[in-house]
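Morning, everyone. I have one structure to walk you through today. Please take a look at it before I start.

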Amino acid sequence: MSMECPRCQRSLEELSLGDVSTVACPHCGFADVPVDHVSEDDEPETWRDAFNRFYEDTVGREDATER
Ligand SMILES: [Zn+2]
């Protein structure tokens, strides 16, 4: 089965990272990376950082309210 990139509609490239396999687009840099470590030259840590920041902010707020 061939998957198409949701951004540019070109063929995605499958990447195997140990036991985890995922797909990424070599054309526009789109990466379907829901979890785990990613070692691409893209910037998957950007959204992970943003997510962590959001998560910590939410938890921190709830925690502050509790105490
Ligand atoms: Zn693409």
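Let's begin in the middle of the sheet. Strand β2 covers residues 20-24, and two bridges join it to β3. The two strands run antiparallel. Here is one bridge you can find for yourselves: Ala24 has Ala31 of β3 as its bridge partner. Keep in mind that this is a predicted model.

Now step back to the whole sheet. It is open, it has three strands, and their order is β1-β2-β3. The pairing is antiparallel. Which strands stand at the edges? They are β1, residues 13-17, and β3, residues 31-32. Each has a single partner strand, so one side of each is left without a neighbour in the sheet. As a general reminder, strands of a sheet pair through backbone hydrogen bonds.

What else is in the chain? Besides the three strands, there is one helix. Read from the N terminus, the order is β-β-β-α, so to speak the helix comes after the strands.

Next, burial. The chain has 67 residues, and 7% of them count as buried. The largest nonpolar core has five residues. Ala24 and Ala31, our bridge partners, both belong to that core. The others are Cys5, Leu12 and Cys25.

Stay with Cys25 for a moment. What does Cys25 touch, leaving aside its neighbours within four places in sequence? The contacts are Cys5, Arg7, Cys8, Arg10, Leu12, Glu13 and Phe30. Two of these names, Cys5 and Leu12, are also in the core.

Last, contact range. Take contacts between residues at least 6 apart in sequence: 4% of them join residues at least 24 apart.

Key
Residues numbered from 1 in each chain as written. Predicted model: local features only at pLDDT ≥ 70, side-chain atom pairs only at ≥ 80, totals over all residues. Helix = DSSP H or I, 4+ residues; strand = E, 2+ residues; numbered from the N terminus. Buried ≥ 20, exposed ≤ 12 C-beta atoms within 10 Å, placed from the backbone. Contact = placed C-beta atoms within 7 Å. Pairing = 2+ DSSP bridges. Core = buried A, V, L, I, M, F, W, Y, C linked by C-beta atoms within 7 Å.
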